[in-house]
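Reader: Could you take me closely through one part of this model, the packing of a pair of helices, and then set that part beside the rest of what is known here?

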Amino acid sequence: MSKDDQILEEFTSKEYEFGWTVDFEADEAPKGLNDDIIRFISAKKEEPQWMLEWRLEAFHAWQKMKEPEWANVHYPKVDFQDLIYYSAPKKKKKVNSLDEVDPEMIATFERLGISLTEQKRLTGVAVDAVIDSVSVATTFKETLGELGIIFCSFSEAVREHPELIKKHMGSVVPANDNYYAALNAAVFSDGSFCYIPKGVRCPMELSTYFRINAANTGQFERTLIVAEEGSYVSYLEGCTAPMRDENQLHAAVVEIKAAKNAEVKYSTVQNWYPGNKEGKGGIYNFVTKRGICEGDHSKISWTQVETGSAVTWKYPSCILKGDYSIGEFYSVAVTNNFQQADTGTKMIHIGKNTKSRIVSKGISAGKSQNSYRGQVHVMKRATNARNFSQCDSLLMGDKCGAHTFPYIDIENQSAQVEHEATTSKIGEDQIFYCQQRGIDAETAVALIVNGYAKEVLKQLPMEFAVEAQKLLALTLEGSVG
Amino acid sequence: MEKIAGQSILNSLETQFEAFEKSLNGQSKSAAHAVRKEAFSSLKNSGFPGPKNEEYKFTNFTRAVEKNFELNGTNADFGLTEAQISATQIEGLDAHKIVFLNGIYSSELSDNIQVEGLKVESLAEGFKANSALAQANFGKKASFAEDAFVALNTAFSQHGVTIEIADKAVIEKPIVLYFIGDSSTAELSYHIRNIVVAGKFSQATIIEKFDTVGEHKSFTTSVNEISVSDSAHLRFFKIENDTEQAYHISNIHASQGANSNFKAFTFSLNGAMIRNNLNIKLQAEGIETYMNGLYLLDGKTHVDNHTVADHMMPNCYSNELYKGIMDGSSKGVFNGKIFVRPDAQKTNAFQSNKNILISDKATVNTKPQLEIWADDVSCSHGCTTGQLDMDALFYLQARGIQKDKARAILLKAFANDVLETVENEAIKEYLAAIIEKRLEK
């Protein structure tokens, strides 16, 4: 036992790797939140009038809302007046290609392990990088442009494709959907926009990298993905933040629309700063992600690996409106030290013969709390809906907690819904088995955890899967209960 | 100030509570009455659960009571015939029988129990005589602060029984509590409180059954506070097969001592709206707990089962099996909570909830919930909802069994998983007959 404890100690005491800051010259809004700040953000972004009105409407709706308290997380309240809602790396001039981007920024991304230039040449992943909520570089734009794919920053899309933005923005997650979505709608500073035209199969993975750099800022980005009939896209998202003592807020919104026969795959590797070992600092990650399968035979698949953030509050959902549409949710959520995660999904079956699948793997270590909260709702007209959910929890150490709150609401007799959940720890016999074969305990645990999470990890695109495996090992390595 | 839900109910209750206090005479200074007063003021402050209350999310009992009942505090006289009364009772059951008419203990119809180690007394008598058992246990297990309907029951319940089973006493015959109501002339409402203390190494079976005869609506609540001492074995049956006008809220709050074994059975077969709260605290080591339930619903019946298995100590085992068949436009709600507290290592906790919908209008809302703070545990829950297996149906039809009959066979087999866990033959046969009749209609 004592040896196990030692290993546990060793692993769980690993520091956050991405906790450095870079001093960009930043353009910041004054602290606080009011109509003027929103006008300021909108003016900074040179937005049209309708956009400003939309923001203000969302802001006024937000002012009337109450902060939700139902989630199984506890944290000191956020003082929304003490935040900076806009912080942009100062741009001297407009950049057209990667070569013109601030070299320091490129170096930043290289430290993050996503070298834009490298990626451009080698991996064929188009990257849109967002620092402190402003998009700084988008690679591969021209290649994509030839296929009619639009992949650009949100503010660029507002300027250049206002008709698309007007049509789709807020149609999946309305501006007044919930507290944090409304806040995001009011103050969002940038994000990514992706449009795949009819019948186009996006030839490469699209990727966004988010990073919070400046102190006292909140990051509010918005992602909108529209997949027209018969199209396909795989989208990746990654995030990191520097180590700071105070908590930072990240309230993003992701909207996905899939038309008939379209397929969207959205993968996230979330590695925001989780706070130090005493639970000080870290990111509050309050995210609204929702996709709608509008057309028949469409498919939306969410895959997430959640390792960071002090508090996570995130429920990527699918509205299965089209007949024969499919929703999937694969998740690995790892919490350590004082992290708290309340995450899961909602599958709303509206169309006939709709299918959904939920695989959620929670791993808690240290003094963390890990909750799965999900809903499967089969509406009256969703004949022959099918769902399978599996929520497993792995506990490491006797001071952490694992919780499951699945809601299953069935209004149609032909529905077939199954849910199962288990909670266990890594068996001593499993460790022993590995040790017998010359694998030391820490490697054995990494091996077992990776095996446990494999079902989800294999859903990730190659490059991400490798990163995710490393992250898993990093966050937990070797916790033997 | 925020508007609280169920204000109109509270208004009519307020005067009743004052009248009730006046009628108490000498008892108003008792410990039990202090609890009642506290419960009522807590109810006044927090109100009844509104539509946003998580625990009552799918069962808006507050609205049902507001809409359907005047709650004027008095019931019409009991006027049922002997035949009507005996029709509500379990045929062929050899038991110690206790009967309540319109919520009031009937010494004429109840058996005069003379069994060594068993003491069954009317709670109202116990309060009058200032019985230590009644005073010490009233309101101790069922927390009125946590549930408004427990608070309602705590404030108004005067009747019920205290059952005391001596250490090492083995009570062969089950103790059956019949609560029979007459709603033929007016709406009916009463609140029952039972206190059960099972001594060390004792064994007993208790059955609680509520029935109403008449066309008018009835609203009844019952709270059972049960102590299962070390190494005791206790079975508790809740049989709900009331009229379509019957609104009932049942609370069973039990705590278990070391190496004890408690089995709770809940059969919900008919009623307008039924809410069952079953809370079991596993307070020592080596405990076994079983919670078995079957809900067989039709028409507009709405049944909500909320169960809690709270593992507080190591080396305990709990197993829960709830099954439901929903027909007509009925609604089934299930919420099973398993808590495993930080100290409760080596816990084994299992839960299974299975539902079959056999009508387009029936719905089911289920929420199996695991909350675990200990690492060396083995816990699982499973939950399925679906319709009858078409292949199985076809298999039977291919062998010349008519579709209706085949369907009934499959549903009966589904329900049998729960029925088979009943050890008492008379109870099992009684339930099987009701289920069979219902499924073959």
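Author: What follows begins with the helix pair and then turns to the annotated domain and the contact between the chains. The model is a predicted one, and the part chosen here is the pair formed by helix 8 (residues 390–398) and helix 9 (residues 403–419) of chain B, which pack at an angle of about 130° with their axes 9 Å apart. Because angles over 145 degrees count as roughly antiparallel and those from 65 to 115 as roughly perpendicular, helix 8 of chain B is described as oblique to helix 9 of chain B. The crossing of these two helices of chain B is right-handed. On the side of helix 8 of chain B the contact is made by B:Ala392, B:Leu393, B:Leu396 and B:Gln397, while helix 9 of chain B contributes B:Lys403, B:Ala406, B:Arg407, B:Ile409 and B:Leu410. Sorted by character, the residues of this contact comprise six nonpolar, one polar and two charged.

As for the annotation, an unreviewed UniProt entry places the feature "domain: SUF system FeS cluster assembly SufBD core" at residues 187–414 of chain B. Over residues 187–414 of chain B, the chain is 9% helix and 62% strand, with the end C-alpha atoms 36 Å apart.

Turning to the contact between the chains, 30 residues of chain A are in contact with 31 residues of chain B. Strand 23 (386–395), strand 24 (401–410) and strand 25 (416–425) of chain A each supply at least two residues of the side of chain A that touches chain B, and the residues of that side divide into eleven nonpolar, 13 polar and six charged. Strand 24 of chain A runs antiparallel to strand 18 (residues 363–372) of chain B and is joined to it by six bridges; in strand 18 of chain B, B:Val364 is the bridge partner of A:Ile410.

Technical notes: Residues are numbered from 1 along each chain as its sequence is written. Chains are lettered from A and ligands numbered from 1 in the order in which they are written. This is a predicted model: local features need pLDDT of at least 70, side-chain atom pairs count only at pLDDT 80 or more; totals for chains, interfaces and linings use all residues. Axes are lines fitted to C-alpha atoms, for helices over the stretch in contact, and angles run from 0 to 180 degrees between N-to-C directions. Helices (H or I, at least four residues) and strands (E, at least two) are DSSP runs, numbered from the N terminus. Angles under 35 degrees count as roughly parallel, over 145 as roughly antiparallel, 65 to 115 as roughly perpendicular and the rest as oblique. A crossing is left-handed if the near helix is turned anticlockwise from the far one by less than a right angle, and right-handed if clockwise. Two residues are in contact if their C-beta atoms, placed from the backbone, lie within 7 Å. Ala, Val, Leu, Ile, Met, Phe, Trp, Tyr, Cys and Pro count as nonpolar, Asp, Glu, Lys and Arg as charged, and the others, Gly among them, as polar. UniProt positions are given in the numbering used here, feature names are shortened, and annotations may be inferred rather than shown by experiment. Two strands pair if DSSP finds at least two bridges between them.
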